[in-house]
Amino acid sequence: MATPLDGLMTVLLLALLGWVATTTLHWLFVDADWQVVSQNLPLYAFGSYPPHQRWRPFLWIALLIGLTFLTLLGPRRGWIRKALPLVWIAMVPCGVVLLAGGLGLLPIPSHAWGGLTLTLLLTACSGALALPLGILLALGRQTRLAVIQRSCSVYIDVMRAVPLIAVLFFGQLLIPLFLPMHLEVNRVLRAVLAFALFAAAYIAEDVRGGLQAIPRTQREAAAVLGLSPKQIIQLVVLPQALRTALPALTNQAVGLLQNTSLMAILGLVELLGISRSLLANPDFIGRYLEVYVWLAGVYWLVCTAMALLARHLEHQLSPTRSATSKQ
C-alpha cells in the first residue's frame with residue numbers, strides 16, 4: 001500500500017525529470033549553436049574526399065540506408081528476401097571499390113577517406129574478416145588436435161589480454177618497420193587488420209559459448225543418420241551455435257563500431273577525428289558540447305540500426321518462426 005512518503009518521492013522524481021527534460025530541450029533548441037555541425041555536414045559524412053567525387057561515398061551510404069529499410073520493412077517472403085544476405089555481403093567490396101576506385105573510377109588515396117564513410121567502412125571490413133576468423137578459432141579451440149587447440153587458445157587468450165589501443169598502435173606504427181622498403185600497406189588496411197585480429201578473439205569465445213550450448217545428443221543423432229564430421233559441423237552444429245551466439249555477436253559489432261573512434265588518436269579522421277579537427281578551428285572554439293552531443297546522436301542512430309537488424313535476423317532464424325512458416 002502506497003504511503004505519503006512514496007507519493008512525495010514520486011512527485012519529487014517527476015519534478016526532477018521534468019526540470020532535466022525542460023533544461024535539455026531549451027539548450028537543444030535555444031541556447032546551442034549548431035552552426036559547427038550544419039556548416040560541416042559534408043566533412044562529417046565524407047571527410048576530405050574530393051568534392052567532385054563525393055557522389056561515390058554518398059551512393060554507398062545511401063545503398064546501406066536503403067538496404068536497412070528494405071530488410072526491416074520489406075517483404076517477408078520471395079526472392080527479394082532470399083537475396084538480401086548476398087546483397088549485404090556484397091556491400092563490403094562495393095564500398096571498397098567505390099571509395100578506392102577501380103572499374104573505371106578515379107583512384108582516391110585512403111588518406112582522403114574520412115567521416116561517417118570511413119567509420120562504416122572500418123566496421124564493415126573488420127567485421128567481415130573477424131567473423132569467419134572467429135568461427136575458425138572457436139572450432140579450432142574445440143578440436144581434438146592438440147597443436148591446433150593449443151595454438152587457438154594461446155591466440156585468443158593473448159588477444160583478450162592486450163588492450164585494443166596497443167593492437168592498433170602496433171598495426172599503425174610498428175608493422176611498417178618490419179616490412180621491406182618497397183612494400184607499403186595503407187593506414188586503412190592496417191586498421192582493418194588490427195580490428196579484425198582483435199575482434200576475432202572475442203567472437204571466437206562467443207561462438208564457443210554457442211557451440212557448448214548444443215547438446216551432444218544432436219551430434220550423435222546426426223552421426224547415426226550417416227553424416228560425416230564435416231557435415232555435422234556445417235549443417236547441424238554451427239547454424240545453431242551462431243543463432244545462439246547472435247546477441248553476443250551483435251554486442252561485438254556495436255563495440256567494433258564504437259571502437260573505431262580510437263583511430264582518431266592514430267591519425268585517421270573518422271567521426272571523432274573530424275570532431276577533434278573542427279574543435280581546433282578558431283571559428284568553433286568552445287563548441288565542445290554541441291559537437292559531442294551531435295557525435296553521440298550519430299553513434300546512437302547507427303548502433304540502433306545495427307541492433308534492429310540483429311533483432312530482425314534473430315527473429316528470422318527463430319526455430320518457432322521457421323516451423324510456423326513451413327506449416
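**Exercise 1. A span from the record**

How far apart do the end C-alpha atoms of residues 57–74 lie, and what percentage of the span is helix and what percentage strand?

Solution. The model is predicted, and the values below are computed from it.
- Step 1: take the span from the record. UniProt, in an unreviewed entry, places the feature "transmembrane region" at several stretches, including residues 57–74 and 291–310.
- Step 2: read off the first span. The end C-alpha atoms of residues 57–74 are 24 Å apart, with 94% of the span in helix and 0% in strand.
- Step 3: repeat for the other span. For residues 291–310 the end C-alpha atoms are 29 Å apart, with 100% helix and 0% strand.

**Exercise 2. The chain as a whole**

Describe the secondary structure, extent and burial of the chain.

Solution.
- Step 1: count the elements. The chain holds 14 helices and 0 strands, so its pattern along the sequence is a run of α elements.
- Step 2: set the extent. Along the principal axes, the C-alpha atoms fill a box of roughly 80 × 70 × 45 Å.
- Step 3: consider burial and surface. Of the 327 residues, 37% are buried; the chain exposes about 19,100 Å², and carbon and sulfur atoms supply 70% of that area.
- Step 4: look at contact range. Among contacts with a separation of 6 or more, 73% are between residues 24 or more positions apart.

**Exercise 3. Confidence**

Where is the pLDDT below 50, and how many contacts does that stretch have beyond near neighbours in sequence?

Solution.
- Step 1: start from the average. The mean pLDDT of the chain is 85, and 95% of the residues score at least 70.
- Step 2: locate the exception. The pLDDT is below 50 over residues 322–327, a stretch with 3 contacts in the model beyond near neighbours in sequence.
- Step 3: apply the caution. Predicted coordinates should not be read in detail where pLDDT is low.

**Exercise 4. A charged network**

Trace the salt bridges of Glu205 to Arg141, Arg160 and Arg208, and state which residues are joined into one network.

Solution.
- Step 1: pair Glu205 with Arg141. Their side chains form a salt bridge at 2.8 Å, N to O. Glu205 lies in helix H9 (residues 187–212) and Arg141 in helix H6 (residues 115–141), so the bridge ties together parts 64 residues apart in sequence. Both residues are buried.
- Step 2: pair Glu205 with Arg160. This salt bridge is 3.3 Å, N to O. It links helix H9 to helix H7 (residues 146–161), with the two residues 45 positions apart. Glu205 counts as buried because its relative accessibility is 17%, under the 20% cut-off; Arg160, at 40%, is partly exposed.
- Step 3: pair Glu205 with Arg208. The salt bridge is 2.8 Å, N to O, and both residues are in helix H9, 3 residues apart, about one turn of the helix. Arg208 is partly exposed, with a relative accessible area of 21%.
- Step 4: combine. Shared partners join Arg141, Asp157, Arg160, Glu205 and Arg208 into one network.

**Exercise 5. Two local settings**

Is Ser275 buried or exposed, and which residues form the nonpolar surface patch that includes Leu17?

Solution.
- Step 1: place Ser275. Ser275 belongs to helix H12 (residues 271–279) and counts as buried because its relative accessibility is 0%.
- Step 2: list its contacts. Beyond neighbours within four places in sequence, Ser275 touches Tyr44, Val291 and Leu295.
- Step 3: turn to the patch. Leu13, Leu14, Leu16, Leu17, Trp19 and Val20 make up a nonpolar surface patch with about 630 Å² of accessible area together. Leu17 is in helix H1 (residues 4–31).

Definitions and conventions. Residues are numbered from 1 along each chain as its sequence is written. Side-chain values use heavy atoms; hydrogens and water are left out. Helices (H or I, at least four residues) and strands (E, at least two) are DSSP runs, numbered from the N terminus. Buried means under 20% relative accessible area, exposed over 50%, partly exposed in between (1.4 Å probe, protein chains only). Contact means heavy atoms within 4.5 Å. Patches are made of residues with over 30% relative accessible area and no salt bridge: like charges are joined within 9 Å, nonpolar side chains (Val, Leu, Ile, Met, Phe, Trp, Tyr) within 5 Å. Accessible areas come from the Shrake-Rupley method with a 1.4 Å probe; for residues, only the protein chains shown count as cover. A salt bridge is a side-chain nitrogen of Lys or Arg within 4 Å of a carboxyl oxygen of Asp or Glu. pLDDT is the predictor's confidence in each residue, from 0 to 100. UniProt positions are given in the numbering used here, feature names are shortened, and annotations may be inferred rather than shown by experiment.
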